[in-house]
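Here is a friendly walk through one model, for reading with the coordinates open beside you. The report takes up open and enclosed spaces, then helices, charged pairs and a few backbone details.

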Amino acid sequence: MKELILKNHKKLITSGLFLLFLIAGLYYMQDGYFDTISAKTNAFYFCCAVAAVPGVYLLFTYIHENGLRGFLRFPKAAYIVSLFALSYLLSSLGDAHALDGSVGWNVGAYSYLLGLMLFFIFLIGDTDEKVLIVMLAAATIPFYLVAALQGAGWDVFNLHKELVSDERYDYISTAGNITVYSGIASLFIPVICAALDHSEDFRWQKPVKLLFMADIVLGGTSICLVGSDSAYIGIFGALAVLYIVECKKKTPLWKLARIAALLSFSFCIAEILQAFNPKTAFPVRKYFSYYVFKFHLAFILFPVLLIFTLVLYKWAKKSAFPWIPISLMIVAAVTLTEILSPKGRHFGSGRGEIWPFAVRTFRNAGTRQKLQGVGADCFGYLTGAYINDLPSTDKWFKIANGAFDGVKMQKNILTVGGREVVNCHNEFLQHLLCGGIITAGFWSLSVISVIFSGLRRKHISPFLFGFIGWLIQSMLNNPHNLLLSFAFIFAALTVKDQ
């Protein structure tokens, strides 16, 4: 046993860190039922300190084994990611707001430094990708289960009583805010879907396959009840990429049909759960969940997809399906849903106002702000100083002096619909305003390099699809917290040579 531990101690280090951030990210860092600022800040610095020690050790052993020239063998994506993270540090020097973030909401430039540290820990450390995926599935199953029960109205831990009436619509699970939950689901569910297609490569094949299938079903159930439209877009967008990649690799079509059948089954469970508890279940949100429940789509799709999967498995195990027409059908379905969805002036929970505000703010900013931004994660608190052309009669959208924790802020705070807005709900616009053109440019190059590097690998990592899912939903939601750390971890696992 001792020899086994010594032989695999580096894998144990990375696995332990992965589990630490997974538990903290899922069960401690989210919004909703506790003092979020203290919880997030304390958990952030605790995780940062814990990760720093093994990080230094892995760096020392890497230099000892490979010399300084070993850094020249990193994939190109690693250098671009480094420039992106460091650009935030340089633009934030001398500004406490930019280093710490918007009054503790995201911990500012420090969160990007932590993300960069984790990126290199998982890039240079020994990792067992299959173990990490199993850990991910095992940790998220109880999380999805409780979230599904909460959304269906079964308040198993008496958490709803902590919410005031106007919060019940948005804070509906142990994850708290829907925005945060969409990031979690888009990060984690596509990874398990991709791993399920190759579950025969895992030890204990049948138990692992059942674990993955249970995770997908429970995750899909929670998302349907939560009703996060950005989560649907992130997950289905990542699965569309997975579909194209797997079809081009001639993966049997029944495996891809199996994922669709499992997700449609999860929607059936969601509708049944809500029907059993209609008085206390949270109301169905608009868009995709609304159509699933109104027209009972899951009860139609599930038997069709199940039969389709069984037929393909029995008579066409090796068949590969033309991916181009199916991909066009997916795009057409998303487009049709978007066209049919009702919209008002403030569609998307105010995004129709937040995004134009961000664009006007950037346009009105000075040269320095355009190049360097206003500081990491300071959208909403500091950007208000650059725009004064809001109509005074618009009670929905305004900039006013606000208070935080009983202390009046000297900076103007953006509010939409009476609620403070502290992120742009679009990752690119967020980086453009907070980091300027330089940081936004490095961000774009980082994303492109990670995806292209991941797709060029001989064995494409399932974590690539989690990264893509997170990226897609981040164009509508960009809650950071510890989710940003996972984006860096997934990026490293995507480009890492196995």
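Helices here are DSSP runs of H or I with at least four residues, numbered from the N terminus. Please keep in mind throughout that this is a predicted model.

**An open pocket**

With that numbering in hand, let us begin at the second largest pocket, which encloses about 400 Å³ of space. Its lining is made up of 19 residues, and those closest to the centre are Glu129, Asp201, His459, Ile460 and Pro462. Three helices, H7 (129-151), H8 (178-196) and H10 (229-248), each give at least two residues to the lining of this pocket. By residue class, the lining of the second largest pocket has 9 nonpolar, 4 polar and 6 charged members.

**Enclosed space**

How many cavities of 30 Å³ or more does the structure hold? There are 3, and the largest cavity has a volume of about 100 Å³. Helices H4 (76-92), H18 (436-456), H19 (463-473) and H20 (483-495) each contribute at least two residues to the lining of the largest cavity. Among the lining residues you will find Val81, Phe84, Trp443, Val447, Phe467, Trp470, Leu484 and Phe488. The class count for the lining of the largest cavity is 11 nonpolar, 1 polar and no charged.

**Two helices to look at**

H18 deserves a second look. Its 21 residues should span 30 Å at 1.5 Å a residue, and the end C-alpha atoms are indeed 30 Å apart. Buried residues of H18 include Gly436, Thr439, Ala440, Trp443, Ser446, Val447 and Val450. Of these, Trp443, Ser446, Val447 and Val450 are also found in the lining of the largest cavity. The partners against which the buried residues of H18 pack are H4, H16 (367-372), H17 (427-434), H19 and H20.

H9 (residues 205-226) is the other helix to trace. It has 22 residues and reaches 31 Å from its first C-alpha to its last, close to the expected 32 Å. Just after H9 comes glycine 227, with a positive phi of about 75 degrees.

**Charged pairs**

The structure holds 3 salt bridges, listed here with their N to O distances.

| Acidic residue | Basic residue | N to O distance |
|---|---|---|
| Aspartate 197 | Arginine 258 | 3.9 Å |
| Glutamate 200 | Lysine 255 | 3.0 Å |
| Glutamate 246 | Lysine 249 | 3.5 Å |

The salt bridge between arginine 258 and aspartate 197 has a distance of 3.9 Å. Aspartate 197 sits in the loop between H8 and H9 and arginine 258 in helix H11 (residues 253-276), so this pair ties together parts that are 61 residues apart in sequence. Both arginine 258 and aspartate 197 are buried.

Glutamate 200 and lysine 255 form a salt bridge as well. Since glutamate 200 lies in the loop between H8 and H9 and lysine 255 in helix H11, the pair ties together parts 55 residues apart in sequence. Is each partner buried or partly exposed? Glutamate 200 is partly exposed, with a relative accessible area of 35%, whereas lysine 255 is buried at 10%.

In the salt bridge of glutamate 246 with lysine 249, glutamate 246 is buried, with a relative accessible area of 2%. Lysine 249 is partly exposed, and its relative accessible area is 41%.

**Backbone details and a buried glutamate**

Which residue in the loop between H8 and H9 is worth a look for its backbone? Tryptophan 204 lies in that loop, and it has a positive phi of about 50 degrees although it is not a glycine. This tryptophan 204 is exposed, with a relative accessible area of 69%.

Histidine 296 also has a positive phi, near 50 degrees, and is a residue other than glycine. You will find histidine 296 in the loop between H12 (288-294) and H13 (297-315), where it is partly exposed, with a relative accessible area of 39%.

Histidine 296 leads on to glutamate 271 in helix H11. Leaving out residues up to four places away in sequence, glutamate 271 touches Val292, Phe293, His296 and Phe299. Because its relative accessibility is 9%, glutamate 271 counts as buried.

Terms used: Residues numbered from 1 in each chain as written. Predicted model: local features only at pLDDT ≥ 70, side-chain atom pairs only at ≥ 80, totals over all residues. Heavy atoms only, no water. 1 Å grid on protein atoms, 1.4 Å probe; cavity = no way out; pocket = protein on both sides within 12 Å on 5 of 7 lines; lining within 4 Å. Points joined across faces, edges and corners; volume = space filled by probe spheres on them. Nonpolar A, V, L, I, M, F, W, Y, C, P; charged D, E, K, R; others polar. Expected span 1.5 Å × (residues − 1). Buried < 20%, exposed > 50% of the residue type's maximum accessible area, 1.4 Å probe, protein only. Contact = heavy atoms within 4.5 Å. Salt bridge = Lys/Arg side-chain N within 4 Å of Asp/Glu carboxyl O.
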